[in-house]
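Visitor: I'm new to this one. Please pick a single part, take me through it closely, and then show me a little of what else is there.

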Amino acid sequence: MMPPKDLLDTLLGYLGFVVQIEETSNEGGNPTLQIYTEESGRLIGRNGETLEAIQFLLNRLLQARDKDVEKVIVDCEHYRSMREDRIVQRVRELAERVRITGRSLQLEPMNSYERRLVHNAFKDDPDVATWSPSDSARIKQITLVKKRSSAKRADIILNQAKNFSWGRSLL
């Protein structure tokens, strides 16, 4: 049974790439194979599509031998972490518009990994929240929404309490 690093090296060799591969772990503890090559642009592909396909193929080959094998992340010259930083930075800039105008903003469709990045980036934000449609929705888009301030929320609750009539049924 060939280790993931050797399998990836063989796979890329068949595709005509000359590479060096370094084994590491990402922040989540997933095994990561970092590829270094003179042809990083060709290996990464447009918007990382080739890199995604290679990762998918490697993981399918590994799972064919062992269904419980841990998913391996394939990266090329730290493309993924730089892309993650760019995505979060761009969304933070858009969130600033939501913060200023108070108007919601729908982001372009993203894959599940990118959506998780965005949700995590805003989970502790006091002003902006993220919202996604249910898992059954066909298009997975995140909407940035401005959170109501706690003072406004308190005013709304007080107004509702003032307007509450004891004569009406609660049901």
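Guide: Let's start with the sheet and then visit a helix pair and two loop residues. First, some ground rules: this is a predicted model, where local features need pLDDT of at least 70 and side-chain atom pairs count only at pLDDT 80 or more, while totals for chains, interfaces and linings use all residues. Residues are numbered from 1 along each chain as its sequence is written, and side-chain values use heavy atoms, with hydrogens and water left out.

The sheet is open and has 3 strands, in the order S4-S6-S5, with antiparallel pairing. Strands here are DSSP runs of E with at least two residues, helices are runs of H or I with at least four, and the numbering starts at the N terminus. Two strands pair if DSSP finds at least two bridges between them. At the edges sit S4 (105-106) and S5 (128-131), each pairing on one side only. As background, strands of a sheet pair through backbone hydrogen bonds, either parallel or antiparallel.

Now look at the individual pairings. S4 joins S6 (residues 143-146) through 2 bridges, running antiparallel: Gln106 is bridged to Thr143, and Leu105 to Leu144. On the S5 side, 4 bridges hold the antiparallel pairing with S6, and Thr130 stands opposite Leu144.

Thr143 is worth a stop. It belongs to S6, and its relative accessibility of 12% is why it counts as buried (under 20%; over 50% is exposed and anything in between is partly exposed, using a 1.4 Å probe and protein chains only). Leaving aside neighbours within four places in sequence, Thr143 is in contact (heavy atoms within 4.5 Å) with Ser104, Leu105, Gln106, Ala129, Thr130 and Trp131.

Helices meet this sheet too. H5 (residues 112-122) lies across S5 and S6, at about 150° to S5. Such angles run from 0 to 180 degrees between N-to-C directions, and axes are lines fitted to C-alpha atoms, for helices over the stretch in contact.

Next comes a helix pair. H1 (residues 4-14) packs against H3 (residues 49-65) at about 130°, and their axes are 11 Å apart. That makes H1 oblique to H3 (under 35 degrees is roughly parallel, over 145 roughly antiparallel, 65 to 115 roughly perpendicular, and the rest oblique). From H1, Pro4, Leu7, Leu8, Leu11 and Leu12 meet Ile54, Leu57, Leu58, Leu61, Leu62 and Arg65 of H3. By type, the residues of this contact are 10 nonpolar, no polar and 1 charged. Here Ala, Val, Leu, Ile, Met, Phe, Trp, Tyr, Cys and Pro count as nonpolar, Asp, Glu, Lys and Arg as charged, and the others, Gly among them, as polar.

Finally, the two loop residues. Asn47, in the loop between H2 (40-44) and H3, has a positive phi near 55° although it is not glycine. Asn47 is exposed, with a relative accessible area of 53%. Glu77, in the loop between S3 (73-76) and H4, has a positive phi near 50°, again in a residue other than glycine. Glu77 is partly exposed, at 30% relative accessible area.
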